[in-house]
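Welcome, and please open your viewer with the selection panel at hand. We will go from stop to stop, and at each one you will hear what to select and what is there.

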Amino acid sequence: MNQIFRTYENKLIKSGLVGPEPPLLGCLDAHLEWNRTDRKRVALEDIFKQLNINALIFSQPAEPYRSIIDYLAETSNGTITPNDCETRTFLHDLPVSFQFSSNSVASILKARKSVIIPGHGIITHGTVGLEQAYVTFSSVCFAGFVKFFCDFLLHAKKGHVDTKRRQVFDQVIRNLDPPVSFNDSLMKGPLNSKKRVCEAIQEAGRLTVEHRLVDSHFGNISFRHGRTLYISQTGSSLDKLKDALDPCPLDGSSCVPITASSELPTHLEIVQHTDNKAILHGHPKFSVILSMDCDIKECMCRRECHLACPHERFVCGIPIVSGEVGSGPHSLCNTVPEATRGNPGVIVYGHGLFTTGKTDFNQPFKNLIQIENNCRTEYFNRIRSLENVESC
Amino acid sequence: MYGWCGKIARIHLTDQSWRVEVPDLNVLKSFIGGRGLAGYYIRKKITLDWNHPDMPLLLFAGPLVNTRSPTSGRMTIMSRSPLTGAVGDSSVGGSFGFQLKKAGFDGIIITGKSDRLCGIEIKDNDIHISDASHLKGRETGDVHSLLKGRGSTAVIGPAAENGVLFSSVIIDGHFAAGRSGIGLTFASKNLKYITMRGTGKTNVFDPKGLRSAREDVFRLTAASPILMGKFGISRFGTGALYDLMDARRMMPTENFRKTQFDQAFKLNAHAFKKKFKPKNTGCRGCHILCKKITKDQTSIPEFETMSHFSALLGNTDIGTVVKANRICNEMGMDTISAAATLACFSEISKKKLSPQEVVSLLIDIGKKKGVGVELSQGAAKFAGNCDRSDLAMVVKGQELPAYDPRGAYGMALAYATSSRGGCHLRAYPISHEILRKPVATDRFSFNGKARMIKIGEDLNAVADSLTACKFTFFAASLEEYAKIYTTVTGIKTLSQDLFEVGERICYNERMMNAANGFTEKDDDLPARFFTMPGYKDDGINIEPIDKEAFLTARSNYYIARKLNENGTPVSKVAKELGLEPI
C-alpha cells in the first residue's frame, strides 16, 4: 500500500494540484490504511463508515487552485456549477460543505464524487481505488479554474467586478504557472515502424503532462502507421502510455480498440480524411476558457453552445467548434476533423484543443503550446481592455 | 403509487388459483424490485428442495420498468437453482418485464405443481391457466410463434422437460434467462410458458426531472467507447469483447487449459457482422441496442457463447457457433454451461470435438439421449461421475463464463464469492480490470480487490433490482441512477442509499446460501487456476494464481462483507440490515 500512496502523493504534487502540505490519502480493503497521521483522520474515518467507498483523498489544493476554490465556494449557495465539458458530463456540479463535520461532508458525498470545504480543502472518493479519487480531485481543480476565469471575464464585461473578486483575481494571477515554453525537439519523422511510433507517442504524451497541458492526465494522442492507428487507451495517463496504446485497424477488422480513447472516432476521421497522421488532444486551460467567451448578442442556441453552435467562431485565429465527447448525435467527430484542415489546431467549446501533424509530434506539440500561450495572452488583453488589472 | 404497481400476483398451480398481494412500501424501499424483491419473497422457502411444489418461482421487474428510464427493460427470474442448490436467478431482457408492469404487477410468485403441462396467460389484471399438453416437447421458437398475439413470452424447451440441469427460459424468442437452470424449475411445476401483456402505465413522480436525468445518462453512454463507440457493443453486440479477451490473453481455451486462441481473429465480432449482417435490436426501453438478430431471425451469439463455442472447444467453424447457439436456445439450455460441459467432456474423453459432434451432442443433451444423459447434469456432476472433478471448471457447481480468472484477479475473487456460482455478472470487475471503467485497476493484483468486489456486488444487485442493464454502469453510476429512481418513485434517494440496499440484497443471498449449507469451501476456484499457467509470450505471462494471495483476498472480502471467517453471515449484521433470520 505504501507504494500506491507514494505514487498518488507524487502525482498530486507533481501536477501542481496540492502542496505545500502533502495530501491525506486513505484506502480501505479489509482494513483502513492512511498515508500519514493527521488529526482530521477521525472525521474521515467516520466518512468511510458511512459510505460504500474504498478510497479517499483529502487535501488543500495548491495555489492558485486554493484561492479559486475557496472563493467559488464561499460565494456559492452550496453548489458551484461550472459549464465546462468535464463537469457537465461527469461531475454534474461541485457541492460545498460550509462545515467540516463528518456528517455534513458524508451527506454530500452520499450523492456526489467530491465536496469542497472552504478553508479546509477538497475531499474526493472512489469505489475502485485512489486513481478514481485522483481524477475527480484534478477535475474539480480544473473546473474551478475555468469557471473562475470565465466568470471574471464575464463580470469585467458587465463592469461588475467587486473588490473581493478582484483581490482573489490579483492573487490568483500572481500564482499562475509561467507560460509554457519549449525549445527542444521531439522525435523526428518519418515514424516508420511500430516501435518508433509507440516511442514517439509516449514522448509526446509525457511532455504534454509535464507542461500541464491536460486536465489530470487525460487527453489523448494517436499516430497513423500504415493501415493502423495507434491510440491511447481510455482513461490512460498520457505520461504512462507504455502499455496503454491500442492498435486500431483502419478496416475495422478487430474490436481490440474497444478500450481506446472515447475520442477515437474523431482521430479516425482526421487520419482517414486528411493527410494528418499525428493527433494530440489536451485540455489547456486558457484555450478552454476563451472558447466559452462569446460576444454574439442574440443567439437562439445560447444554452446549446456545446452541442450545436450555429456560428463560425475563432480565437487567436483558431476555430472553435461545438461537440460532445464520444459517439453521440452531437459528437465532436462531426465538427473537429473538417475544422483541422488548414488550421494549426481546433478548440472544442468548453473542452479542449486538438492539434495535428503530418509526420511526427513536433508540430502538434508546439501548436498546442503556442495556441494556449496565445489564448492566455488574449485573455489578459481582453481583461486589460475592460479595466485596469495587474498584468500577468 | 409511483414507480411500483403495488401489486404482486401469487399463482398456485396445484389448484389453479391466484390472488393479489399488496407489498408493504417499506419492503419495496428496502429491496426495490427485480432480484432484490424476489430475494425477499423467496427467503423463507429457500431451504426447500428446488423441485418441491412449495418452492416459489418468481418473476419480478423493478420500479424503473415501463417508464422512460434508460435501459430499464429488464427483469429477474429467481428460484433455488436446480444446478447449484444455491440462490438461482437470471436477469433477462426483452419485453416481459415491461409487459408485466403494464399488466399491473411488480412481480408474480408461482408455487405448486400443475397436474398437466400448462401455460399461464396474463392480460392486464386477468390471469388464466391454460392446458399446454399439446406443446409437450416443442422447441422454444415454435412455442413463441404459436403464442403470437398474446404478448411477451417466457418459454421453456424440451431440455427442461427432459430434466437438463442447466435449462434456460427464453423470453420473446431471443432473450435467454440462461444461468442457474431456472428453466428446470418451470418444468418441475409443469409450466411450459407464461404470456404477459397489459395496457397500464407506471406513474412517474417527476417526469421533467426524469427527462433531465435521462439526458445525464445518455451523455455518459455516448461518451463511452465500450457502449456506443466505434467498436463498442452497440455496433458489434457483446461479441465486441471477443478480440479484447484474446488480446489480453485471458480467453478460456480448450477447457481453460490455455488462455489464447490462435484462430480468434477468424471468429470475432467483425467476422460475424460481415457474414451474417445482423440488425441492431435490444431490450425494451434501451438505447444501446446490443442484441444482434439477422433478417431471418437468427440471434447472433453473445460474447460468452461466441467464446465458449469456439475457443473453449477449439472450434474454428463460425457456422457451428451460430448453430450451437440456436440449438441451445431452441432446446432451452444455457449456452455457457452447455459449452463448458462439452469442453469438460472433451478433456475427460481426450477427444477434440468436431463441429458435427458439438451439434449432435447438444441435441443429445437436450433430448437426454446417449451420453447426453450424463452431460445433461452439467460439468460438475459429469466430471464427478468420471472421478475427474478436477476437470470441471465450475464454482458452486455452475460452469464458468468466458473470462479466464488468471488474467484478472478481481474476476477470480468475484467468481469465488458469487452467490449464484460461476458467474461474471455479480461484481463484474472486468469493467475496471480490462475495460478501464470507471478507471483502470491492476488486473494482476489482489491489492484492494476485496472491497472493490464487495462494492461491485452491491452495485450490480441494485442494477438487477431497479431493474436496469448492468452494461450502462460502464458509463453511468448510481449517482445518476439515484436521481432517476428519485424522479420515478418520488422517494428522495442518494447513490449511497442505493448502495445500502445493494448490501442488504447481497447479504440476504449469503444468508440463504448459508441456510443451505454453503461455506467458504464453496467460495473457491478449480485447482487448475492455481497450478497451471495460461499463456507465455509477447511480454504477457498468464501465470497460475497464487493460492495464498487468493485466500488472503477472500478473507479480506469476508471482512469487507461483514461475514464470519468461514464466509457465513453474522446475525448482528443481518439485524442491522433489517434481515430476519431464515
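How far apart do the C-alpha centres of domain 1 of chain A and domain 2 of chain A lie? They lie 26 Å apart. Keep in mind throughout that this is a predicted model.

**Stop 1: the two domains of chain A**

Colour residues 2–174 of chain A as domain 1 and residues 194–385 as domain 2, following the domain assignment. The contact between them takes 19 residues from domain 1 of chain A and 16 residues from domain 2 of chain A. On the domain 1 side, select α4 (85–91) and α6 (130–158) of chain A, each of which supplies at least two residues of the side that touches domain 2. Of these, α6(A) is the one to linger on, since it gives the most to that side, with eleven residues. Now colour the domain 1 side by class: you should find ten nonpolar, six polar and three charged residues.

**Stop 2: where chain B meets chain A**

Next, show both chains together. Their contact takes 47 residues from chain B and 39 residues from chain A. To trace the chain B side, pick out α7 (207–222), α9 (241–247), α10 (269–276), α19 (449–466), α20 (478–489), α21 (495–515) and α23 (547–560) of chain B; each supplies at least two residues of the side that touches chain A. By class, this side of chain B has 26 nonpolar, eleven polar and ten charged residues.

**Stop 3: chain B as a whole**

Hide chain A and zoom out. Chain B has 24 helices and 18 strands, and its C-alpha trace spans about 60 × 50 × 45 Å along the principal axes. For its 582 residues, a compact globule would have a radius of gyration near 25 Å, and the 22 Å of chain B agrees with that.

**Stop 4: a pair of helices**

Return to α20(B) and α21(B) and look at how they cross. They pack at an angle of about 95 degrees, with their axes 8 Å apart, and are therefore roughly perpendicular to each other. Show side chains for B:Leu478, B:Glu479, B:Tyr481, B:Ala482 and B:Tyr485 of α20(B), together with B:Ser495, B:Asp497, B:Leu498 and B:Phe499 of α21(B), which make the contact. By class, this contact has six nonpolar, one polar and two charged residues.

**Stop 5: a six-stranded sheet**

Now select the strands of chain B in the order β8-β7-β12-β9-β10-β11: they form an open sheet with mixed pairing. At its edges are β8 (126–131) and β11 (175–177) of chain B, each pairing on one side only. Neighbouring strands of this sheet are turned by 20 degrees against each other on average, direction ignored. Zoom in on β10 (residues 169–171) of chain B, which three bridges join to β11(B), the two running antiparallel. There, B:Val169 has B:Ala177 of β11(B) as its bridge partner.

**Stop 6: backbone details**

Most residues other than glycine have a negative phi, and most peptide bonds are trans. B:Asp124 has a positive phi, near 50 degrees; look for B:Asp124 in the loop between β7 (118–123) and β8 of chain B.

Where is B:Pro438 found? Go to the loop between α18 (430–433) and α19 of chain B. A cis peptide bond joins B:Lys437 and B:Pro438, with omega about 0 degrees. Finish at B:Thr467, in the loop between α19 and α20 of chain B, where the peptide bond from B:Leu466 to B:Thr467 is cis, with omega near -15 degrees.

Terms used. Residues are numbered from 1 along each chain as its sequence is written. Chains are lettered from A and ligands numbered from 1 in the order in which they are written. This is a predicted model: local features need pLDDT of at least 70, side-chain atom pairs count only at pLDDT 80 or more; totals for chains, interfaces and linings use all residues. Two residues are in contact if their C-beta atoms, placed from the backbone, lie within 7 Å. Helices (H or I, at least four residues) and strands (E, at least two) are DSSP runs, numbered from the N terminus. Ala, Val, Leu, Ile, Met, Phe, Trp, Tyr, Cys and Pro count as nonpolar, Asp, Glu, Lys and Arg as charged, and the others, Gly among them, as polar. Domain bounds come from an automatic or database domain assignment. Two strands pair if DSSP finds at least two bridges between them. Axes are lines fitted to C-alpha atoms, for helices over the stretch in contact, and angles run from 0 to 180 degrees between N-to-C directions. Angles under 35 degrees count as roughly parallel, over 145 as roughly antiparallel, 65 to 115 as roughly perpendicular and the rest as oblique. The radius of gyration is taken over C-alpha atoms; the globule rule is 2.2 Å times the number of residues to the power 0.38.
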